[in-house]
Amino acid sequence: MYTYCVTDLSNLSTANKNNHYMIKPLIRLLKYWNRKHNYKSFSSYRIEKIIVNKYQSSQYQGYDLKTYLLTGLKSLSGLVEYNYQKEKLDKAIYNVQEAINDEEKYPTLALKEIKEVIGEI
């Protein structure tokens with residue numbers, strides 16, 4: 001696959017800086033999820049490109065990493081080619097959304113739901 005390494009690195013740095021240094025951790029989490037729970041069904045490079053393109057011009061919105069994870073997972077829907085990919089992605093989105101909803105009242109349950117998506121790191 002032909003890539004533009006210098007441009008890609010510059011775009012990643014810009015997106016990361018504009019979003020309070022949350023983009024690199026987000027990309028790492030998404031790649032980890034893709035490897036551990038999605039059988040590497042999405043290209044690692046394409047994951048990174050989609051996230052960087054989404055956030056390159058964005059300014060930090062006060063999101064925590066869970067919110068970035070949710071929006072990042074939603075952004076991957078354009079990569080879905082097969083039904084099993086859609087099912088895995090939909091399950092991950094649902095669990096992260098539930099964790100965000102449960103965080104204030106049920107922090108232990110929220111942590112459990114995040115671990116269902118990411119697992120033990």
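The aromatic side chains make a good starting point, with a count of 3 aromatic pairs (rings of Phe, Tyr and Trp, the latter by its six-membered ring, with centres within 6.5 Å; planes under 30 degrees apart are stacked, over 60 edge-to-face and the rest tilted). One of them joins Tyr-55 and Tyr-68 in a tilted arrangement, at 5.2 Å centre to centre and 55° between the planes. Because Tyr-55 belongs to helix α3 (residues 44-55) and Tyr-68 to helix α4 (residues 65-75), this pair ties together parts 13 residues apart in sequence (helices are DSSP runs of H or I with at least four residues, numbered from the N terminus). Both Tyr-55 and Tyr-68 are buried (under 20% relative accessible area; exposed is over 50% and partly exposed in between, with a 1.4 Å probe and protein chains only).

The model is predicted, with local features needing pLDDT of at least 70 and side-chain atom pairs pLDDT 80 or more, while totals for chains, interfaces and linings use all residues. Residues are numbered from 1 along each chain as its sequence is written, and side-chain values use heavy atoms, leaving out hydrogens and water.

Tyr-55 also has a charged neighbour: the charged end of Lys-54 sits over its ring, 5.7 Å from the centre (NZ of Lys or CZ of Arg within 6 Å of the ring centre and within 35 degrees of the ring normal).

Turning to Tyr-84, this residue is found in helix α5 (residues 83-102). Its relative accessible area of 40% makes Tyr-84 partly exposed.

Key. Helix = DSSP H or I, 4+ residues; strand = E, 2+ residues; numbered from the N terminus.
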